[in-house]
Amino acid sequence: MTITEPSPPGPGRPRIGVLGSYGGFNTGDEAILTCVLGCLRSHRPRARLVVFSRDAAHTRAHQREADEVVDWENVPQRPVLDVLAGLDLLVLGGGGILYDGEARRYLRLVGAAQARGVPTFAYAVGAGPLREADDRAAVRAVLPAMADVVVRDEESRLVLEEVGIDRDLAVTADPALLLPPEPFTEQMMRQEGVPGGVRLVGMSVREPGRAAEKLDEGDYHALLADVADFLVRRLDAHVVFVPMERQDVRHAHGVLSRMTAPDRGRILHNAYSPGQVLGFMSHLDLVVGMRLHFLIFAALSGVPVLPLPYSGKVFDFARRLGAPALVGVAREQAGLLLAEVDRLWDEFPQRRADFDERVRLLRERSRETCVRCGTLLDGLPALPADPVDPVDSVEPPNPAGPVGAADPVDAGERADPPDPVGPAGPGDLTGAERPRTEDQRSRAGSAFRV
């Protein structure tokens with residue numbers, strides 16, 4: 001376990017924890033972390049920001065706004081609980097966290113913070129599927145005790161309401177919609193073997209999962225290869241596969257190997273920060289993809305988007321963007337899929353103004369999460385305001401370094417690791433317990449105990 005040596009927060013320097021699937025495993029999650037840290041810094045420039053990471057070394061190297069980094073998976077519980085006890089606020093999220101096999105792990109830490117009088121905030125989290133009893137119980141125990149719960153889409157609100165959450169659930173948008181781009185230079189294009197002066201189509205592929213439950217992997221790759229070949233012929237384009245997680249590279253190779261024009265395909269292999277992946281989108285003319293944040297990055301860049309929904313979060317984003325969305329992927333749908341690509345290309349110039357307005361509104365919704373978090377910070381009596389001028393923008397700063405678009409593993413499909421903090425109660429915390437107000441004691445009493 002790696003924990004940076006804490007320093008006393010001092011007057012006006014609160015300690016704010018951020019918990020999520022961080023550590024370079026997924027480019028979208030790293031984009032979210034960059035934006036969450038940027039939001040917190042905009043409201044409390046002098047705060048000490050503590051990130052609970054699945055790979056502390058990676059987070060320390062690539063997230064310069066993190067003042068402390070804590071490994072929380074597969075480590076002894078006591079040091080993690082000590083850090084939790086010293087926080088003034090714990091932020092959960094954002095992104096897809098509350099789903100089967102994972103929700104209970106994150107909520108154990110949230111519950112531990114609540115039991116020690118630490119206010120907690122859900123930052124535009126995603127929820128679902130939630131069918132397993134342990135995960136549903138954890139959600140019902142912890143979320144009602146949170147100071148505020150913000151979800152990133154309607155699908156997540158419906159899932160939580162079905163589980164039995166009976167409290168206000170604000171719906172905003174994904175935090176990564178506020179990510180600033182970084183340059184993706186011509187030299188970087190040459191290093192990847194991507195030609196210049198031609199039309200470029202971006203593709204994002206992942207394991208079939210729920211997107212293609214009735215297809216074996218070979219048929220699934222062949223279907224996407226048909227789409228790629230169509231784009232090559234229809235647009236006289238080159239296709240660039242953009243991995244957002246490590247295993248995406250294997251599936252991109254599977255698609256490329258089945259193309260009739262593989263010489264027109266490239267796979268990005270180098271490690272890039274989320275901002276650089278976003279910057280790469282400015283070189284593209286159209287995108288077809290499955291990964292949510294690949295689609296978000298394309299939309300932010302004004303590129304026509306054809307989502308291939310494999311989950312509710314992608315379908316919800318497609319709906320809010322006004323983009324065509326096929327439900328699931330099946331080999332017999334190849335003709336329909338190609339027709340949608342064709343129509344998207346032909347009609348996008350006429351739809352561009354509406355598309356841009358929808359993206360603007362999504363960004364505004366994303367900013368609302370940061371505003372709600374700032375309001376919570378301002379309302380906590382233990383957190384004196386920083387003596388600085390108000391910050392007008394909630395845009396986060398650029399990330400410090402590469403995040404490894406080609407070397408993460410799938411956060412959504414990974415095996416369920418051992419619980420990082422095992423059973424514990426209020427008496428298991430070492431060190432002095434934080435003083436708590438009556439209201440905090442009331443919230444902690446209804447929390448999910450770990």
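**Reading a buried disulfide and its surroundings**

Me: C370 counts as buried, with a relative accessibility of 0%. What does buried mean here?

Reply: Buried stands for a relative accessible area under 20%, exposed for one over 50%, and partly exposed for anything in between (1.4 Å probe, protein chains only). This is a predicted model, in which local features need pLDDT of at least 70 and side-chain atom pairs count only at pLDDT 80 or more, whereas totals for chains, interfaces and linings use all residues. Residues are numbered from 1 along each chain as its sequence is written, and side-chain values use heavy atoms, leaving out hydrogens and water.

Me: What is the mean pLDDT of the protein chain?

Reply: The term pLDDT denotes the predictor's confidence in each residue, from 0 to 100. The protein chain has a mean of 84, and 78% of its residues reach 70 or more. Over residues 1-10 the pLDDT is below 50, and this stretch has 29 contacts in the model beyond near neighbours in sequence; a contact means heavy atoms within 4.5 Å. Residues 388-450 also have a pLDDT below 50, with 178 contacts beyond near neighbours in sequence. Where pLDDT is low, the predicted coordinates should not be read in detail.

Me: Which cysteines form a disulfide?

Reply: A disulfide is a pair of cysteine sulfur atoms within 2.5 Å. By this rule the count comes to 1 disulfide. C39 and C370 form it, with their sulfur atoms 2.1 Å apart. The link is right-handed, with 105 degrees about the S-S bond. It joins distant parts of the chain, 331 residues apart: C39 in helix α1 and C370 in helix α13 (residues 334-379). Helices (H or I, at least four residues) and strands (E, at least two) are DSSP runs, numbered from the N terminus.

Me: What does C39 touch, apart from residues up to four places away in sequence?

Reply: C39 touches Y123 and C370. At 1% relative accessibility, C39 is buried. The C-alpha atoms of C39 and L178 are 9.7 Å apart, although these residues are separated by 139 places in sequence.

Me: Why is the sulfur of C373 not bonded to that of C39?

Reply: The sulfur of C373 is 5.1 Å from the closest cysteine sulfur, in C39, and is therefore too far for a bond. For C35 the closest cysteine sulfur is also in C39, at 9.5 Å, again too far for a bond. C35 is buried at 4% relative accessible area, and C373 is buried at 0%.

Me: What is the strand order of the sheet?

Reply: Two strands pair if DSSP finds at least two bridges between them. The open sheet of 7 strands has the order β3-β2-β1-β4-β5-β6-β7, with parallel pairing. β3 (68-71) and β7 (170-171) stand at the edges with a single partner strand each, so one side of each lacks a neighbour in the sheet. β6 (residues 148-151) pairs with β7 in the parallel sense over 2 bridges, and V150 has A170 in β7 as its bridge partner.

Me: Which strands does helix α1 touch?

Reply: Axes are lines fitted to C-alpha atoms, for helices over the stretch in contact, and angles between N-to-C directions run from 0 to 180 degrees. Helix α1 (residues 27-43) packs on the sheet and touches β1 (15-19), β2 (48-53), β4 (89-98) and β5 (120-127), its direction making about 155 degrees with that of β4. Helix α3 (residues 77-85) lies across β2, β3 and β4, at about 150 degrees to β2.
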